[in-house]
Amino acid sequence: MKALCWHGALDVRVDNVPDPKILNPRDAIVKITSTAICGSDLHIYDGFIPTMQSGDILGHEFMGEIVEVGPSVKNLKIGDRVVVPFTIACGSCEFCHRDLWSLCDNSNPNAWLIEPLYGHSPAGLFGYSHFFGGYAGGQAEYVRVPFADTGLFKVPSELTDEQVLFLTDIFPTGYMAAEHCDIKPGHVVAVWGCGPVGQFAIKSAFLLGAERVIAIDRVPERLELAKRYSGAEVLNYEEVDVGEAVKELTGGRGPDSVIDAVGLEAHGTNIDYWMDKAKQAVRLETDRPTALRQVIVACSKGGTVSVPGVYGGFIDKMPMGAAFNKGLTFKMGQTHVHRYLQPLIDRIQRGEIDPSFVVTHTLPLEQAPHGYEIFKKKQDNCIKVVLKP
Ligand code: NAD
Ligand code: ZN
């Protein structure tokens, strides 16, 4: 089959690779109909995620049709149309039972690699390095889905791929980020980053009752979409001093909660600087967590800092004194996608949101390398790329 493979920083190619096979009784094989490129894929593309190997298949946002099931999978059948959470979860460990699916204890066979660094291992992830289990991703024609009986969700036939595809990651991710803000009537939420995750965080903050949302980015089309689709007030950080502007928009008080939907900033203002950095080597830390510093300083006293943006390894120069003395609450992590899937399908069916609003490009899988390039460089008004294998 054809699959999008990583060969090093800024080097991804469509290769011919062996078809996946059922390995365990709870596996299923899915024929991919739609798959997307995520901001998290850019961290791999930039060379920031260690333990990638040349030839690893990328992609963790995908859906399709079941073509084969293992003997223990009783709730699904060949032909079912399904979406696949990017976090792999067994459904039976202590953490799955506590609804903390992205912390599953049984889905990362390479836990030994990550535990010396993190103490304990998070769940396995599709297409996201050997730290996270070394699972082949879904930017491909077919994929093997482990724990398929808990990890595959059937989707209503009247909804298009583009309306349900983002249930795999960015819709639940934006929604969980907003839910972490504990929004009360009258609250103001500020969101740093208007990429796909930021867009869903902004819309979700309104769905959860925020009175106002302030959205921050530097890309005009992304700010425009946040205004048009969700009704956010927008700030371009290249045109204003964000700290001052956010203060002014909130009567000097600061937003009740803040969301960092940026994460590792390989694609901030100075692309050339970061292209250079990315080419250097795989590394664990970044020295510029600018958005994270800004959200902490901007947040109102007693507020919540919600971090869906991905960080890895160590970051330096956190304004810990501001966080401590303002009594802030921090919430973060990989999304517990399984927890949100059904409630969010219901919201789509009720017409509260049409997740396809972020799609700007639909490309055949063969053009995935071009998709990565325009998504990273924000060229051609690119906000979200969907690939069709
Ligand atoms: P993206 O790269 O398309 O969007 C990031 C946006 O942030 C860009 O529009 C960029 O211009 C903007 N930005 C950069 N620096 C900024 C700054 N200092 N202030 C304000 N905006 C700034 O990526 P995305 O797909 O929207 O993903 C966003 C983040 O969410 C990534 O770090 C991704 O890895 C992460 N993510 C996390 C989870 C999770 O489970 N927690 C899931 C999916 C994605
Ligand atoms: Zn993703």
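This report describes a predicted model of a chain with a ligand, moving from its domains to its strands and then to the ligand shell.

## Two domains and their contact

The domain assignment of the chain gives two parts, of which domain 1 is made of residues 2–168 together with 335–388, while domain 2 covers residues 171–332. When the centres are taken over C-alpha atoms, domain 1 and domain 2 are separated by 24 Å. The contact between them takes 30 residues from domain 1 and 27 residues from domain 2.

On the side of domain 1 that touches domain 2, the elements giving two or more residues are helix H1, helix H13 (337–349) and helix H14. The residues on this side of domain 1 divide by class into 17 nonpolar, seven polar and six charged.

## The six-stranded open sheet

Six strands form an open sheet in the order E12-E11-E10-E13-E14-E15, and their pairing is parallel. Strand E12 (233–236) and strand E15 (329–332) each have a single partner strand because they stand at the edges, so one side of each is left without a neighbour in the sheet. From one strand to the next, the twist averages 20°.

At one end of this order, strand E14, residues 304–307, pairs with E15 in the parallel sense over four bridges, and within this pair Val305 stands opposite Phe330 in E15. Helix H11, which spans residues 290–298, lies across strand E10 (188–192), strand E13 (257–260) and E14, and runs at about 180° to E13.

## A crossover and other strand pairs

It helps to recall a general point before turning to the other pairs: strands of a sheet pair through backbone hydrogen bonds, either parallel or antiparallel. A parallel case is given by strand E16 (residues 361–364) and strand E17 (residues 385–388), which are joined by four bridges, and here Leu363 has Leu387 in E17 as its bridge partner. To pass from E16 to E17 the chain goes through helix H14, residues 368–377, and the resulting β-α-β crossover is right-handed.

Antiparallel pairs are found as well, one of them between strand E4 (residues 61–69) and strand E5 (residues 81–84), which are joined by four bridges, with Arg81 in E5 as the bridge partner of Glu65. Strand E5 also runs antiparallel to strand E9 (residues 153–154), to which two bridges join it, and in this pair the bridge partner of Val83 is Phe153 in E9.

Near the start of the numbering, strand E1 (residues 2–6) and strand E2 (residues 12–16) pair in the antiparallel sense over five bridges, with Ala3 standing opposite Asp15 in E2. These two strands, E1 and E2, form a hairpin with five residues between them, and Gly8 in its turn has a positive phi of about 140°.

## The shell around ligand 1

There are 35 residues around ligand 1, and of these Gly39, Gly193, Gly195, Gly263 and Val310 come nearest. The elements that give two or more residues to this shell are helix H1 (39–45), helix H6 (170–179), helix H7 (196–207), strand E11 (212–217) and helix H11. Helix H1 supplies four residues, which is the largest share of the shell.

Sorted by class, the shell around ligand 1 holds 16 nonpolar, 14 polar and five charged residues. Both parts of the chain take part in the shell, since at least three residues are drawn from each of domain 1 and domain 2. Helix H1 therefore appears in two places in this description, as an element on the side of domain 1 that touches domain 2 and as a contributor to the shell around ligand 1.

Terms used. Residues numbered from 1 in each chain as written. Chains lettered and ligands numbered in written order. Predicted model: local features only at pLDDT ≥ 70, side-chain atom pairs only at ≥ 80, totals over all residues. Pairing = 2+ DSSP bridges. Axes fitted to C-alpha atoms, helices over the stretch in contact; angles between N-to-C directions. Contact = placed C-beta atoms within 7 Å. Right-handed = clockwise from strand over helix to strand, strands pointing away. Near = placed C-beta within 6 Å. Nonpolar A, V, L, I, M, F, W, Y, C, P; charged D, E, K, R; others polar. Domains from an automatic or database assignment.
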